[in-house]
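Student: I would like to learn how to read the features of a protein model, one at a time. Could you give me the general idea in each case and then show me what it looks like here?

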Amino acid sequence: MAVAGNALKTNITTLGPLVLPMSEQLLFFATLIGKKLFKMKVKPYIPDFKLAFEHFCIHAGGRAVLDELEKNLQLSDWHMEPSRMTLHRCGNTSSSSLWYELAYTEAKGRMKKGDRTWQIAFGSGFKCNSAVWKALRTIDPAKEKNPWMDEIHSFPVDVPKVSSI
């Protein structure tokens, strides 16, 4: 988990300036300056990526991974629902889980024109990759083919988090 965390940190450091509002970038930079130049004992500022993205598709590699990212990125159960339900229904399908998660979001009727989605995947050798998507149109689930449509009405289901077991 520590190696994956470092890969994610590098990924976020690269992606952040490209997607975060200036206010979040300034808070991050101010904290960094305080720590490095003034030797202040402050926790590093974790930017609020919910200000940059409406949806998150996090590689459903396991409950512990999802729990950790939910906590560190300060995401809500609603943000994590596509990843958790994909893990529950499909298991760890490697990087293809991201597409099932995006399909879940669409099947639930959540994808609106202009919405931004952050896909975060972990690969072999503890690689971390991101893709950022912007919806060009609102998705009407009734008019789309989708692998979730036959049973989307029965989701979400209650799936315990690792920390509550």
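Student: Where do the positive and negative charges of the chain sit on average, and how far apart are their mean positions?

Tutor: The model is a predicted one, and in it the mean position of the 22 positive charges and that of the 16 negative charges are 8 Å apart.

Student: How many salt bridges does the structure hold, and what is the idea behind such a pair?

Tutor: Side chains of opposite charge can pair when their charged atoms come close. In this structure there are ten salt bridges. One of them joins K71 and E68, whose closest N and O atoms are 3.7 Å apart, and this falls within the 4 Å that is allowed for a salt bridge.

Student: Where do K71 and E68 lie with respect to each other in helix α3?

Tutor: They are three residues apart in helix α3, which covers residues 63-72, so about one helical turn separates K71 from E68. As for their surroundings, K71 is exposed, with a relative accessible area of 57%, while E68 is partly exposed at 31%.

Student: Which residue forms a salt bridge with R84, and which parts of the chain does that pair tie together?

Tutor: The partner of R84 is E70, and their closest N and O atoms are 2.6 Å apart. Because R84 belongs to helix α4 (residues 77-90) and E70 to helix α3, the pair ties together parts that are 14 residues apart in sequence.

Student: Are R84 and E70 buried or exposed?

Tutor: A residue counts as buried when its relative accessible area is under 20%. R84, at 9% relative accessibility, therefore counts as buried, and E70, at 8%, counts as buried too.

Student: What does the salt bridge between E81 and R110 tie together?

Tutor: The side chains of E81 and R110 meet with an N to O distance of 2.9 Å. E81 lies in helix α4, whereas R110 lies in the loop between α5 (97-107) and β2 (116-123), so this pair ties together parts that are 29 residues apart in sequence. Both E81 and R110 are buried. Salt bridges can also share partners, and in this way D67, E70 and R84 are joined into one network.

Student: Let us turn to the fold. How many helices and strands are there in the chain, and in what pattern do they follow along the sequence?

Tutor: The chain has five helices and three strands, and when it is read along the sequence the pattern is α-α-β-α-α-α-β-β.

Student: What does the radius of gyration of the chain say when it is set beside that of a compact globule?

Tutor: For 165 residues, a compact globule would have a radius of gyration near 15 Å, and the 17 Å of the chain agrees with this. Along its principal axes, the C-alpha trace spans about 60 × 35 × 30 Å.

Student: What share of the residues is buried, and what share of the contacts joins residues at least 24 apart?

Tutor: Buried residues account for 38% of the 165 residues. Of the contacts between residues at least 6 apart in sequence, 63% join residues at least 24 apart. The accessible surface of the chain comes to about 9,700 Å², and carbon and sulfur atoms hold 61% of that surface.

Student: Could we follow a single residue, and see which residues S130 touches?

Tutor: S130 is found in strand β3, residues 127-134, and counts as partly exposed at 31% relative accessibility. Leaving aside residues up to four places away in sequence, S130 touches N11, L15, W118, Q119 and I120. C57 is 73 residues away from S130 in sequence, yet the two C-alpha atoms are 9.8 Å apart in space.

Student: Which backbone features should I look at last?

Tutor: Most residues other than glycine have a negative phi, and most peptide bonds are trans. K39, however, has a positive phi, near 50 degrees; K39 is found in the loop between α2 (22-36) and β1 (55-58) and is exposed, with a relative accessible area of 65%. Q74 also has a positive phi, near 55 degrees, and is found in the loop between α3 and α4. A cis peptide bond joins F155 and P156, with omega about 10 degrees, and P156 lies in the segment after β3.

Definitions and conventions:
Residues are numbered from 1 along each chain as its sequence is written. This is a predicted model: local features need pLDDT of at least 70, side-chain atom pairs count only at pLDDT 80 or more; totals for chains, interfaces and linings use all residues. Side-chain values use heavy atoms; hydrogens and water are left out. Helices (H or I, at least four residues) and strands (E, at least two) are DSSP runs, numbered from the N terminus. The radius of gyration is taken over C-alpha atoms; the globule rule is 2.2 Å times the number of residues to the power 0.38. Buried means under 20% relative accessible area, exposed over 50%, partly exposed in between (1.4 Å probe, protein chains only). Contact means heavy atoms within 4.5 Å. Accessible areas come from the Shrake-Rupley method with a 1.4 Å probe; for residues, only the protein chains shown count as cover. Lys and Arg count as positive and Asp and Glu as negative; His and the chain ends are not counted. The place of a charge is taken as NZ of Lys, CZ of Arg, CG of Asp or CD of Glu.
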